[in-house]
Amino acid sequence: MARTDFVDRSPLTRAALDFADRWHAGQTRESGGIPFVTHPIEVACLLHEAGFPDVVVAAGVLHDVLEDTAVERGELERSFGPEVAGLVGAVSEDPAIEDEDERKAALRDQVARA
């Protein structure tokens with residue numbers, strides 16, 4: 001069985017991957033210039049292999065869409081429900097915080113609270 005076969009058995013994760021693939025289209029990873037969507041796939045595999053439920057795996061797939069695309073939280077909530085949107089929001093940086101160190105510190109606090 002391939003590492004990503006679980007996606008075909010997980011409708012929420014499959015939909016999240018399709019969504020992420022569409023919104024990250026044209027983006028590449030800094031290392032090697034490969035399509036960015038490989039990163040969300042890797043995250044999904046790690047979360048699945050660690051035994052997390054589909055809702056967490058789907059949120060892992062979507063974890064960069066708020067930061068790196070024009071997607072807004074409301075769209076995530078409409079498409080994937082409040083639980084997935086809440087998880088994605090909990091691991092997304094606040095773009096209103098201009099200073100990178102402050103933004104990262106705020107993210108760490110936000111994740112700890114979530």
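The side chains of Asp18 and Arg14 meet in a salt bridge, with N and O 2.8 Å apart. A salt bridge here is a side-chain nitrogen of Lys or Arg within 4 Å of a carboxyl oxygen of Asp or Glu. Both residues sit in helix α2 (residues 11-23), 4 residues apart, about one turn of the helix. Helices are DSSP runs (H or I, at least four residues), numbered, together with strands (E, at least two), from the N terminus. Asp18 counts as partly exposed because its relative accessibility is 37%. Arg14 is partly exposed too, with a relative accessible area of 31%. The cut-offs are under 20% relative accessible area for buried, over 50% for exposed, and partly exposed in between (1.4 Å probe, protein chains only).

This is a predicted model: local features need pLDDT of at least 70, side-chain atom pairs count only at pLDDT 80 or more, and totals for chains, interfaces and linings use all residues. Residues are numbered from 1 along each chain as its sequence is written, and side-chain values use heavy atoms, with hydrogens and water left out.

**Salt bridges**

The structure holds 4 salt bridges. Three of them are tabulated here, among them the α2 pair.

| Pair | Closest N to O distance |
|---|---|
| Asp18 and Arg14 | 2.8 Å |
| Arg103 and Glu93 | 2.8 Å |
| Glu93 and Lys104 | 2.4 Å |

Arg103 forms a salt bridge with Glu93. That pair links distant parts of the chain: Arg103 is in helix α7 (residues 100-113), Glu93 is in the loop between α6 and α7, and they are 10 residues apart. Arg103 and Glu93 are both buried. Glu93 also meets Lys104 in a salt bridge. Lys104 lies in helix α7 and Glu93 in the loop between α6 and α7, so this pair ties together parts that are 11 residues apart in sequence. Glu93 counts as buried because its relative accessibility is 17%. Lys104 is partly exposed, at a relative accessible area of 34%. Shared partners join Glu93, Arg103 and Lys104 into one salt-bridge network.

**Helix α4 and its neighbours**

How many of the 9 residues of α4 are buried? The count is 7, so α4 is largely enclosed by the rest of the structure. The buried residues are Val55, Val57, Ala58, Ala59, Gly60, Val61 and Leu62. They pack against α1 (5-8), α2, α3 (38-49), α5 and α6.

Take α2 as one of these partners. The axes of α2 and α4 come within 8 Å and cross at roughly 5°. That makes α2 roughly parallel to α4. Axes are lines fitted to C-alpha atoms, for helices over the stretch in contact, and angles run from 0 to 180 degrees between N-to-C directions. Angles under 35 degrees count as roughly parallel, over 145 as roughly antiparallel, 65 to 115 as roughly perpendicular and the rest as oblique. On the α2 side, the contact involves Pro11, Leu12, Thr13, Ala16, Leu17, Phe19 and Ala20; on the α4 side, Asp54, Val55, Val57, Ala58, Val61 and Leu62. Contact means heavy atoms within 4.5 Å. By class, the contact of α2 with α4 has 11 nonpolar residues, 1 polar and 1 charged. Ala, Val, Leu, Ile, Met, Phe, Trp, Tyr, Cys and Pro count as nonpolar; Asp, Glu, Lys and Arg as charged; the others, Gly among them, as polar.

Helix α6 (residues 73-90) meets α4 (residues 54-62) at another angle: their axes come within 9 Å and cross at roughly 95°. The two are therefore roughly perpendicular. Val55, Val56, Ala59 and Leu62 of α4 touch Leu76, Phe80, Glu83, Val84, Leu87 and Val88 of α6. This contact has 9 nonpolar residues, no polar and 1 charged.

Val55 lies in α4. It counts as buried because its relative accessibility is 17%. Leaving aside neighbours within four places in sequence, Val55 is in contact with Leu12, Glu83, Val84 and Leu87. Its C-alpha is 9.8 Å from that of Ala16, 39 residues away in sequence.

**The nonpolar core**

A nonpolar core is a set of buried Ala, Val, Leu, Ile, Met, Phe, Trp, Tyr and Cys residues joined through side-chain atoms within 4.5 Å. Which residues of the largest core touch the most other members? Of its 24 residues, they are Phe19, Leu62, Leu76, Phe80 and Val84. Elements giving two or more residues are α1, α2, α3, α4 and α6. Helix α4 gives the most, with 6 residues. Phe19 touches Leu62, Val65, Val71, Glu75, Leu76, Ser79 and Phe80, not counting residues up to four places away in sequence.
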